[in-house]
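Good morning, and thank you for the opportunity to speak. I would like to take you through one structure, moving from its charged side chains to its loops and strands.

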Amino acid sequence: MCDFTVYLEDNIERKMIAKDILKARKKDGTVILMDAMGNITKVEAANIEVVDTLMQEMILKKT
């Protein structure tokens, strides 16, 4: 299974915001992340910048 660690970039800072993420979607300006347990993390005013399956990470960037 391919799960991601998700980081949020804001200018020069990168901060981990979620782990074991299996699903991501963008709806109405909000990125919605779901982990393996079904927990939801919402990140408002962000875009999905990079999805890297080799490194198992996803980078979100504030808009």
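A search of the whole structure finds one salt bridge. Please keep in mind throughout that this is a predicted model.

Which side chains form that salt bridge? They are those of glutamate 9 and arginine 14, which meet with a nitrogen-to-oxygen distance of 2.9 Å. In general terms, side chains of opposite charge can pair when their charged atoms come close. Glutamate 9 is partly exposed, at a relative accessible area of 21%. Arginine 14 is likewise classed as partly exposed, and its relative accessible area is 45%.

Arginine 14 has a second partner. Its charged end is placed over the ring of tyrosine 7, at 5.7 Å from the ring centre. As for rings facing rings, the count of aromatic pairs in the structure is zero.

Let me turn next to a charged residue without a salt bridge. Aspartate 35 belongs to strand β3, which covers residues 30–35. How far away is the nearest side chain of opposite charge to aspartate 35? That side chain is lysine 19, and the distance is 11 Å. Aspartate 35 is buried and yet has no salt bridge. A salt bridge requires the nitrogen and the carboxyl oxygen to lie within 4 Å, so a separation of 11 Å does not qualify.

What, then, does the side chain of aspartate 35 reach? One target is the backbone nitrogen of methionine 37, at 2.9 Å. Another is the backbone nitrogen of asparagine 39, at 2.8 Å. If we set aside residues up to four places away in sequence, aspartate 35 touches Lys19, Asp20, Ile21 and Leu22.

A further aspartate can be described in a similar way. Aspartate 52 is placed in strand β5, and its side chain reaches the backbone nitrogen of leucine 54 at 3.0 Å. With a relative accessibility of 24%, aspartate 52 is counted as partly exposed. Beyond its neighbours within four places in sequence, aspartate 52 is in contact with Phe4 and Glu57. The C-alpha atoms of aspartate 52 and phenylalanine 4 are 8.5 Å apart, although 48 residues separate the two along the chain.

Valine 50 is also found in strand β5, which spans residues 46–52. Is valine 50 buried, exposed or partly exposed? The answer is partly exposed, because its relative accessible area is 38%. Outside its neighbours within four places in sequence, valine 50 has contacts with Glu57, Met58 and Ile59. Between the C-alpha atoms of valine 50 and tyrosine 7 there is a separation of 9.9 Å, and these residues are 43 apart along the chain.

From here I move to strand β1, where threonine 5 lies. Threonine 5 counts as buried because its relative accessible area is 17%, and the limit for that class is under 20%. Which residues does threonine 5 contact, leaving aside its neighbours within four places in sequence? They are Met16, Ala18, Lys19, Gln56, Glu57 and Met58.

Two loop residues deserve a brief comment on their backbone angles. Asparagine 11 sits in the loop between β1, residues 4–10, and β2, residues 13–27. Its phi is positive, at about 65 degrees, although asparagine 11 is not a glycine. Asparagine 11 is exposed, with 72% relative accessibility.

The other is aspartate 28, located in the loop between β2 and β3. Here phi is near 55 degrees, again a positive value in a residue other than glycine. Aspartate 28 is exposed, at a relative accessible area of 76%.

My final residue is lysine 42, in strand β4, which runs over residues 40–44. Lysine 42 is exposed, and its relative accessible area is 60%. Apart from residues up to four places away in sequence, lysine 42 touches Thr30, Val31 and Ile32. How far is lysine 42 from asparagine 11, 31 residues apart along the chain? Their C-alpha atoms are separated by 20 Å.

To close, I return to the two charged sites. Glutamate 9 and arginine 14 meet in a salt bridge, whereas aspartate 35 is buried and has none. The side chain of aspartate 35 instead reaches the backbone nitrogens of methionine 37 and asparagine 39. Thank you for your attention.

Note on methods:
Residues numbered from 1 in each chain as written. Predicted model: local features only at pLDDT ≥ 70, side-chain atom pairs only at ≥ 80, totals over all residues. Heavy atoms only, no water. Phe/Tyr/Trp six-rings, centres within 6.5 Å; stacked < 30°, edge-to-face > 60°. Lys NZ or Arg CZ within 6 Å of the ring centre and 35° of its normal. Helix = DSSP H or I, 4+ residues; strand = E, 2+ residues; numbered from the N terminus. Buried < 20%, exposed > 50% of the residue type's maximum accessible area, 1.4 Å probe, protein only. Lys, Arg positive; Asp, Glu negative; His and termini not counted. Polar contact = N/O pair within 3.5 Å; in protein donor to acceptor, adjacent residues only side chain to side chain. Contact = heavy atoms within 4.5 Å.
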